[in-house]
Amino acid sequence: QVQLVESGGGLVQPGGSLRLSCEISGSISGYNAMGWYRQVPGKERELVAQSFSTGPTNYGDAVQGRFIISRDNVMNAVYLEMNSLKPEDSAVYLCNVRELYRGGSDYWGQGTQVTVSS
């Protein structure tokens, strides 16, 4: 059984930084995308950043240049370094692992709250 557990969320002032972590347990395909999405009540879930096992990374327009995604394939973990945080970055941040072969599974964590406020 695959489980994703996020940590690192919290309250931060505008302009501050936070680092989110997602620990992945269980067996997943080595051909995958690990990423972060965020959700605000009443809005659609939004891609924040994604890291592919083949190398490329992908960022949402709203966070490009401020956030950095990284992954540890040995420890099965994915991280999100968030810098220059803005109030509009406030959301529940969810970790995602997507197996990229046909018929692969899509896994989600429970989410961690990030609040950017003075």
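Which residues is Tyr93 in contact with, leaving aside its neighbours within four places in sequence? In this predicted model, the list runs to Glu6, Leu20, Trp36, Tyr37, Arg38, Val48, Phe67, Leu80, Met82, Gly111, Thr112 and Val114. Several of those names come back when we turn to the nonpolar core: the largest one has 26 residues, and those with the most contacts inside it are Ile24, Trp36, Val48, Phe67, Leu80, Met82 and Tyr93 itself. Two or more residues apiece come from strand 3 (18–25), strand 4 (32–39), strand 5 (46–52), strand 7, strand 8 (77–82), strand 9 (91–99) and strand 11 (112–116). As a rule, nonpolar side chains in soluble globular proteins tend to be buried together.

Now for the charges. A search of the whole structure turns up 5 salt bridges. One of them joins the side chains of Arg19 and Glu81, at 3.8 Å from N to O. Arg19 belongs to strand 3 and Glu81 to strand 8, so this pair ties together parts that are 62 residues apart in sequence. Neither end is fully tucked away: Arg19 counts as partly exposed at 44% relative accessibility, and Glu81 counts as partly exposed at 28%. Arg19 has another partner too, as its charged end sits over the ring of Tyr79, 4.3 Å from the ring centre.

Asp89 and Arg38 make a salt bridge as well, with their closest N and O atoms 2.9 Å apart. Asp89 is in the loop between strand 8 and strand 9 while Arg38 is in strand 4, so the two tie together parts 51 residues apart in sequence. Here both ends are buried, Asp89 with a relative accessible area of 1% and Arg38 with 6%. The pair is also part of something wider, a network of salt bridges that links Arg38, Glu46, Arg66 and Asp89.

Arg66, another member of that network, is found in the loop between strand 6 (57–59) and strand 7 (67–72). With 11% relative accessibility, this arginine counts as buried, because the cut-off is under 20%. A polar atom of the Arg66 side chain lies 2.9 Å from the backbone oxygen of Ser84. Not counting residues up to four places away in sequence, Arg66 touches Glu81, Met82, Asn83, Ser84, Leu85, Lys86 and Asp89.

Elsewhere, Arg98 and Asp106 form a salt bridge, the closest N and O atoms being 3.0 Å apart. Arg98 is partly exposed at 26%, and Asp106 counts as partly exposed at 37%. On the ring side of things, the charged end of Arg45 sits over the ring of Trp108, 4.4 Å from its centre, and the structure holds 1 aromatic pair.

How values were computed
Residues numbered from 1 in each chain as written. Predicted model: local features only at pLDDT ≥ 70, side-chain atom pairs only at ≥ 80, totals over all residues. Heavy atoms only, no water. Phe/Tyr/Trp six-rings, centres within 6.5 Å; stacked < 30°, edge-to-face > 60°. Lys NZ or Arg CZ within 6 Å of the ring centre and 35° of its normal. Helix = DSSP H or I, 4+ residues; strand = E, 2+ residues; numbered from the N terminus. Buried < 20%, exposed > 50% of the residue type's maximum accessible area, 1.4 Å probe, protein only. Polar contact = N/O pair within 3.5 Å; in protein donor to acceptor, adjacent residues only side chain to side chain. Contact = heavy atoms within 4.5 Å. Core = buried A, V, L, I, M, F, W, Y, C linked by side-chain atoms within 4.5 Å. Salt bridge = Lys/Arg side-chain N within 4 Å of Asp/Glu carboxyl O.
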